[in-house]
Amino acid sequence: MQSSSVRPEEIALFDDLASRWWDKSGPMRPLHMMNPPRAAWVLERISRRFPGPVRILDVGCGAGLLSESLARAGHEVLGLDAGAEVIAAAQAHAAGQGLSLSYRNATAEALVAEGEKFPVITALEVIEHVAEPGEFVATLAALLEPGGLLFISTMNRGRKSFLVAKLGAEYLLRLLPVGTHNWSQFITPVELGGHCRAAGLRLCDTAGITFAPLAGGFRISRDTSVNYIAMAQAG
């Protein structure tokens with residue numbers, strides 16, 4: 001049976017981009033622009049819940065943009081991805097930096113089978129690429145310690161996101177390779193909330209991640225119509 005967090009075609013797509021992942025002007029440019037505000041949003045909420053460094057699982061870490069940001073903030077991070085090429089790129093980039101950071105080429109389901117638990121889990125820009133979103137959230141919930149925090153960012157499925165994130169980013173502005181996203185797989189905040197409740201999680205906080213071209217990147221906002229980030233907590 002196929003894992004809920006694995007779609008082979010998606011893994012192949014991102015593995016093909018591994019060698020250029022850390023090129024700020026390359027195909028991952030939007031992620032480089034988005035990473036600072038979303039990492040800051042995550043770190044602020046972790047600091048509210050935990051007094052010191054914690055162990056963080058970064059699911060769907062790619063070549064490690066978020067993983068490195070979290071590790072630089074003093075946390076112990078395990079980056080997890082089903083793509084072997086992106087994990088190799090992540091390990092190469094982190095080498096010699098002295099960070100409390102490790103990577104593993106595996107699925108979240110494999111960690112559940114091993115009985116792993118984490119106080120904080122991040123899965124940013126991942127859920128829209130998995131096979132079964134509801135089952136994926138349930139798998140992440142199974143990896144959370146009691147009272148733990150889960151951070152998910154994704155794209156809202158609406159008219160504006162189709163025009164901006166699909167047609168605009170991929171076809172007009174060429175910010176992303178064509179075919180990076182499938183609009184029908186985008187997740188609305190209501191749907192995400194339902195997946196969280198079904199998995200025994202409480203959705204606590206949601207914010208928009210808005211493209212701010214004059215500022216040269218993205219900013220946190222109240223507009224969740226295109227990109228948004230959410231925090232849920234285990235009971």
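This tour visits the nonpolar cores and the largest cavity of a predicted model.

**The largest nonpolar core.** Begin by selecting Leu 57, Ile 121, Leu 140, Leu 192 and Leu 201. Among the 29 residues of the largest nonpolar core, these five touch the most other members. Next, display the elements that give two or more residues to this core. The strands are S1 (55–59), S2 (76–81), S4 (118–124), S5 (144–155) and S8 (227–234). The helices are H5 (108–113), H6 (133–142) and H8 (189–198).

**The surroundings of Leu 57.** Centre the view on Leu 57. With neighbours within four places in sequence left aside, Leu 57 is in contact with Leu 78, Leu 80, Leu 111, Phe 118, Val 120, Ile 121, Thr 122 and Leu 143. Ile 121, one of these contacts, also belongs to the five core residues selected at the start.

**The second core.** Now select Trp 41, Phe 50, Leu 101 and Ala 207. They are included in a second core of 28 residues, which is separate from the one just visited.

**The cavity.** The count of cavities of 30 Å³ or more comes to 1, and the largest cavity has a volume of about 30 Å³. To locate the largest cavity, select its lining: Leu 150, Ile 152, Leu 192, Cys 196, Leu 203, Ala 230, Met 231 and Ala 232. Colour this selection by class: 8 residues are nonpolar, with no polar and no charged residues. Then colour by element: S5, H8 and S8 each supply at least two lining residues, and S8 gives the most, with 3. Finish at Leu 192, which lines the largest cavity and is also one of the residues that touch the most other members of the largest core.

Technical notes:
Residues numbered from 1 in each chain as written. Predicted model: local features only at pLDDT ≥ 70, side-chain atom pairs only at ≥ 80, totals over all residues. Heavy atoms only, no water. Core = buried A, V, L, I, M, F, W, Y, C linked by side-chain atoms within 4.5 Å. Buried < 20%, exposed > 50% of the residue type's maximum accessible area, 1.4 Å probe, protein only. Helix = DSSP H or I, 4+ residues; strand = E, 2+ residues; numbered from the N terminus. Contact = heavy atoms within 4.5 Å. 1 Å grid on protein atoms, 1.4 Å probe; cavity = no way out; pocket = protein on both sides within 12 Å on 5 of 7 lines; lining within 4 Å. Points joined across faces, edges and corners; volume = space filled by probe spheres on them. Nonpolar A, V, L, I, M, F, W, Y, C, P; charged D, E, K, R; others polar.
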